[in-house]
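Here is a quick tour for someone meeting this structure for the first time. Have a look at the picture, then read on.

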Amino acid sequence: MCRKRISSLQEYQERIREAKREGDTLSNCYLLPNALQEKIDQGTLYFQTLSQGLLLLDDRDTFFRCYYFLPETEKKMTPVALEKDAVIEFPFQGKMNEKQQRQVKMIEELGFSLGRESSMMMRKGEREKRSAVQQQRGEGHELYSQKCSKQRQEIQYAQQEDAEQILQLLCAAFDPLYSFLPSQKELWDKIEKRQVIAIHEGEQVTACLISNFEKNKASIEQVVVSPQQRGRGWGKELLMMYHAKYAVEASSFQHWVDIHNEPAVNMYVQAGYEFQSRKANEYIKRK
Amino acid sequence: MKEQVLNILEEIRPDVDFENEKLLIDDGVLDSFDIISIVQEFNDNFSIEIDVEDLEPDNFNTVEAMVKLIQKLQE
């Protein structure tokens, strides 16, 4: 069965109703109407019917982000054929319950396999009070610039002309299936908002941290250090500047971490982060 | 029920002041990824099934709205 584009919110709701006619369904779909409408307007939302249930496909250019609506049945799923690589995100709290384990079994029967296990890590913002004072005095930024410049590296907010190098660094380091990599336009917007911190050696961007800030919550979207520069503490430097940047406004710092990425987990634990009960597994299917 | 709802929400997002926030969705306090965790926990804890049509900002903007939605689905 080929995928078909969804042209309106009404059509989306009708498709879901159809899938539910056979009984209760299991789903990982968490898109609110405004997010759905945006994807429909952009023409990126498709559905594909399965032997049982259906898949909602968000076309991300090189891959599909999939949301499923599967019947609560013991009947085995038939593997699905997709035109591109695909990923299913499966969020859960703490330990998977029986119902969630059943969903995972169905996801695997569709031909997906576990790609990454992530957990939310969080650090409370109160710890940042001292840094906040530093930042208000302008000390924080100065301190990091000075320390880095001793090693011929400069840490500062990224500029628009850094965007291409940053995208190259990201593409080389991350599998787009897992990483919500920004488009060029999204990166430009973030640079404009000073949400991207970069380390330069001369003209070369050697590391960067892309952040986000919403309603008192600061979060990291990506941290990347070029392979030649790893193990020199640049990740820690970026993290310190990120904390200083949001010290005044943020009541918490949180982000998703691959639980098997030991260097990253250790760095965050040392910086005062703790694992939360929120977890998400990503199941992938290569074309 | 409100207390149970609050416990669930605080487990998912311990950094949010759920008692006082009145525009949890509209103000971007909860993101779409939070919603699926909340929906899953509500479904399991209150033996309900929150439908796609129920995924409206108005149903998740406040704790009171969420309690109302659960009560409606339990009827």
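Does A:Glu109 count as buried or exposed? At 15% relative accessibility, A:Glu109 counts as buried. Keep in mind as you read that this is a predicted model.

## A:Glu109 and its partner

A:Glu109 doesn't sit alone: its side chain meets that of A:Lys105 in a salt bridge, at 3.4 Å from N to O. Both belong to helix α3 of chain A (residues 98–109), and because they are 4 residues apart there, about one helical turn separates them. As a bit of background, side chains of opposite charge can pair when their charged atoms come close.

## Other charged pairs

Over all chains, a search of the whole structure turns up 27 salt bridges. One of them pairs A:Glu282 with A:Arg116, with the closest N and O atoms 2.9 Å apart. A:Glu282 is in strand β13 (residues 274–285) of chain A and A:Arg116 is in strand β7 (residues 113–124) of chain A, so this pair ties together parts that are 166 residues apart in sequence. Both A:Glu282 and A:Arg116 are buried.

Now for a pair with another setting. A:Arg21 and A:Glu14 join their side chains in a salt bridge of 3.2 Å, N to O. A:Arg21 is exposed, with a relative accessible area of 58%, while A:Glu14 is partly exposed at 30%. There's also a network of salt bridges, which links A:Arg3, A:Asp59, A:Glu83 and A:Lys84.

## A buried histidine

Let's move to helix α9 of chain A (residues 234–246), where you'll find A:His243. With a relative accessibility of 5%, A:His243 counts as buried. Its side chain makes a polar contact of 3.5 Å with the side chain of A:Arg123.

## The two domains of chain A

The domain assignment splits chain A into domain 1 (4–111) and domain 2 (121–277). How many residues does the contact take from each one? Domain 1 of chain A gives 9 residues and domain 2 of chain A gives 4 residues. Between their centres, taken over C-alpha atoms, there are 33 Å.

About 630 Å² is buried between domain 1 and domain 2 of chain A, and carbon and sulfur atoms give 53% of that area. On the domain 1 side, A:Phe63, A:Arg65 and A:Val87 lose the most area to domain 2, together 45% of what that side buries. The count of salt bridges between the two domains is 0, but there are 2 residue pairs in polar contact, both at pLDDT 80 or more. Strands β5 (63–71) and β6 (85–93) of chain A each supply at least two residues of the domain 1 side, and β6(A) has the largest share of it, 6 residues. By class, that side has 4 nonpolar, 2 polar and 3 charged residues.

## Where chain A meets chain B

Finally, the two chains. Their contact takes 34 residues from chain A and 27 residues from chain B. Together they bury about 2600 Å² between them, with 52% of it on carbon and sulfur atoms.

Across this interface there are 6 salt bridges. A:Lys20, for example, forms a salt bridge with B:Asp51, and the closest N and O atoms are 2.7 Å apart. The interface also has 9 residue pairs in polar contact, both at pLDDT 80 or more. On the chain B side, α1 (2–12) and α2 (32–46) are the elements that give two or more residues, and α2(B) gives the most, with 9 residues. By class, the chain B side has 10 nonpolar, 4 polar and 13 charged residues.

Terms used
Residues numbered from 1 in each chain as written. Chains lettered and ligands numbered in written order. Predicted model: local features only at pLDDT ≥ 70, side-chain atom pairs only at ≥ 80, totals over all residues. Heavy atoms only, no water. Domains from an automatic or database assignment. Contact = heavy atoms within 4.5 Å. Buried area = accessible area lost by both parts, 1.4 Å probe. Salt bridge = Lys/Arg side-chain N within 4 Å of Asp/Glu carboxyl O. Polar contact = N/O pair within 3.5 Å; in protein donor to acceptor, adjacent residues only side chain to side chain. Nonpolar A, V, L, I, M, F, W, Y, C, P; charged D, E, K, R; others polar. Buried < 20%, exposed > 50% of the residue type's maximum accessible area, 1.4 Å probe, protein only.
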